Each structure stands twice: as structure tokens, then as C-alpha cells.
Amino acid sequence: MSKIKLGFSALLTLVLLSVFAAFASAEGSTAFDRNTTNPAPGINVGDVDSYGNPNTHKTHGNFQNNTNSCANCHSTHNGSSATLLKFQSSEYDMCVSCHDGTMGFYNVLEGSGAGTFNTTHDSSSMHNVGSGVKIGSAPGAFSNKSTGELECSSCHNPHGSVNDRLLKEAVLGTTSFASDVTKGTKAITLDLTPDPAFADINASTSNSGLVITKSTGPNNTSKVNYSKFCSACHDDYIQGSGKLRADGHYTHTTNSSSAGRNCAACHFAHGTDITLLKDTQGKTIADYMKPVDKGGNGWSEAKAKAYMKDVSGSGTSSLKKYTNMAVCWTCHQSSHALDTQQPANEFLTDGVDRNGNPIKIFKGKNDIK
């Protein structure tokens, strides 16, 4: 009889452990389950939208007739500010409460098409939102005399926008960046592709059109408008070739889409760090750390970081996509010194530049026009 009792007790223990493990596993996955009432802590949506479809509620804009999205950021009677925001600290903290990976996508602390706000790596620099920086102190600010502080909402509209990634139609109260575009018409279209990291969510029929996307920046027709968008703050930097700036200096051409000459060709909008910086071959530290049989160099992390570290002497990597002055060489390949070494497997073919001069075409650089 005692043996039967012992066997039953052991069996009961195993069953309880199995139930607990299953519960823990399910609990850990709910942050990405878009078919629940609460897809993430504090983010509350309904199960059925105003079209009868499951789960198409949006936190920013395109609100449903039965929306509950307002309550994610605002408190009706207990707001911490005149705009009834819930959070006591800063706008940045409010935005990052979701965009720190809590919602699983559009994480501003990880590398993306906009860069990163991550300060834990070498060679990091960024738009210091939420730190009290005055907009009028932006590099290249001439006509811009704004005394407002740089916040996420300086560039993004949390209530929705016709532009991709909630980019505002009016920056500093002006729509000059899209002066040739009718208000309410998309001025900036980003090159968006479905994010393979969220293939299951994107393929889900219950999401009724919800697609998590990656971006590589503005498409070719929107590049000039994108530069004008940036020039709302950095107004003296929007110049053509050979044009003298108001401060008496010259700057790189930023008002042409030819060969990608716009702000996003060289800079990340949010910021950069050692994990995102590339060399003129378009390689990152991760590429150099790959085994040789996988196309890498087999370097250690320390060696790869030492190679990629920005040492320009300015004390900041200036939100650049490419380390040091590789940002110049990335486009100006035809002007390199004759004794400069190029890995043999990177050379593709001979070609000509936009002026008809002979050049060498390298992997990732065959978009020279």
C-alpha cells in the first residue's frame, strides 16, 4: 500500500511540474501573441475591431471606432502633465516603455534602418532626445532659433502620420521640407520590407494586414524630401554642389537624390555605435567575426572592434553609418590611392562613374551612376 501511495505522489509531482512548465512557457510567449487582449504589459487592445476582424487595433493612428489605444499613454484624470500623459519622467521614457523591445518590434535600442539609441557600445553617438538639448543648438542651425527641447515628438507624430514611421508633416511648425507636396500627401516613403524575424506574425491571418517591416531609408523619389525634413533643424546644411553656406563654409551636396546624396546616405536618424558602423566594403564587425568558410575573416571580437572603432578625433561618430572617413570612400571609390589594398574577392568588374571615367566596381558599390 505504501508503494502505491509513493508512486501516486511521484506521479502527482510530475504532473504539477509539467503544468507549471507549460504555464511558464506560455507566459513567456504572450508578449508576441497578438491574439490576446493584452499583447504586452500595459498595452491594452480589444479582441475584435470595428470591421469585425480580430486584432487590427493600432496604438498610433488609424484608431478603430472602439479604440482603447488612448489609455496606453494618457490618463483621463491623473495625467502627469497638461497633456494628461501617464509618465512622470520624460517623453523619451514614455516612448521607450514600449520601444525598448517590450512590444517585440521597432526596438529603438537595437540596430535598425534608423540606427540606435544604445549608449552601451563604443563609438556611439545619437540625437540626444529627452536630455534637455535645445533644437536651436543643432549643427548647421542658422535660421533655426528654436528654444524647444529635442524629443521623440520633434520628428514623430505619436497620433499618426501619412509618412512612414510616423514622420511628422510639419517640423518646427513648418512644412517647408515638403513645400511642393499637398498637406496630407505622403512626402517621405521609406523602403520597407517584411522583417524575417517576425515571419510568423506577418503570415498570421488574424492580423488582418498587420506587417512588421524593416527599413533601409527613404526610396529614391523621397530622398530630397528626407533631407529637407532634416534641414528643418539643420537648415544651413541643405545645399547644392558648390554652394556657399550662410556661415561662410561649404558642405556636401544634400539636395540631390543622385547616387544617394542625402542625409540618410551617410547618417542614421537615431544614432550609431560600434555594432552598426561599416567600413567602405559595407562590412560590420559581425562580418569580420564570421568564420572564413562563411565569408568572414575569423577575427576575434576585440580585433574587429579595434578595426571598426571611430577614431576621427572629433569625440563623436556623428551618427555616421560608416566608420571614420570610410563614409567618403564608400561613394568616392575611384579616388583611392594606387597602393590601397583591396581584398581580391571583393572586386567585381571594371566600370565607369557618372562622368564616364573608368573605375573599379566593388561588391555593394555597383549602384554608382
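**Exercise 1. Walk along the chain and get its outline.**

Start at the N terminus: the elements of the protein chain follow the order α-α-β-β-α-β-α-α-β-α-α-α-β-β. Bear in mind that this is a predicted model. Next, the tally: 8 helices and 6 strands. Then look at burial, where 33% of the 369 residues count as buried. For the surface, the accessible area of the protein chain is about 21,100 Å², and carbon and sulfur atoms hold 57% of that. Finally, take the contacts with a separation of 6 or more: 47% of them join residues 24 or more positions apart.

**Exercise 2. Work out how many disulfides the model has.**

First, recall what we're looking for: a disulfide is a covalent bond between the sulfur atoms of two cysteines. The cut-off for a pair of cysteine sulfur atoms is 2.5 Å. Now try C152. Its closest cysteine sulfur belongs to C95 and sits 3.9 Å away, so the two are too far apart for a bond. C230 is another candidate, but the nearest cysteine sulfur, in C263, is 4.1 Å away, and C230 is in no disulfide. The count therefore comes to 0 disulfides under the 2.5 Å cut-off.

While you're there, compare the surroundings of these two cysteines. C152 is buried, at 17% relative accessible area, whereas C230 is partly exposed, at 22%. The dividing value is 20%: buried means under it.

**Exercise 3. Find two residues with an unusual backbone angle and say where they sit.**

Here's the background: most residues other than glycine have a negative phi. Step one is R165, which isn't a glycine and yet has a positive phi of about 55°. Look for R165 in the loop between β1 (125–126) and β2 (190–194). With a relative accessible area of 29%, R165 is partly exposed.

Step two is L319, also not a glycine, with a positive phi near 60°. You'll find L319 in the loop between α7 (301–308) and α8 (326–329). L319 counts as buried, because its relative accessibility is 14%, and buried means under 20%.

**Exercise 4. Describe the setting of S215.**

Begin with its element: S215 belongs to strand β3, residues 213–218. Is S215 buried or exposed? At 13% relative accessibility, S215 counts as buried. Now follow the side chain of S215, which reaches the backbone nitrogen of G217 at 3.1 Å. Last, list the neighbours, leaving out residues up to four places away in sequence: S215 touches G113, R165, L190, D191 and L192. One of these is R165, the residue with the positive phi of about 55°.

**Exercise 5. See what helix α4 packs against.**

Pick out the buried residues of α4 (residues 223–230) first: K223, N225, Y226, S227 and F229. It helps to know that residues three or four places apart in an α-helix point the same way, because there are 3.6 residues a turn. Then check the partners: the buried residues of α4 pack against β2, β3 and α5 (263–266).

**Exercise 6. Map the contacts of H270.**

Locate H270 in the loop between α5 and β4 (271–272). Its relative accessibility is 14%, so H270 counts as buried. Not counting residues up to four places away in sequence, H270 touches V108, A114, G115, T116, F117, M126, H127, H156 and L319. Among them is L319, the buried residue from Exercise 3.

Technical notes. Residues numbered from 1 in each chain as written. Predicted model: local features only at pLDDT ≥ 70, side-chain atom pairs only at ≥ 80, totals over all residues. Heavy atoms only, no water. Helix = DSSP H or I, 4+ residues; strand = E, 2+ residues; numbered from the N terminus. Buried < 20%, exposed > 50% of the residue type's maximum accessible area, 1.4 Å probe, protein only. Polar contact = N/O pair within 3.5 Å; in protein donor to acceptor, adjacent residues only side chain to side chain. Contact = heavy atoms within 4.5 Å. Areas by Shrake-Rupley, 256 points an atom, 1.4 Å probe, with all protein chains shown as cover.
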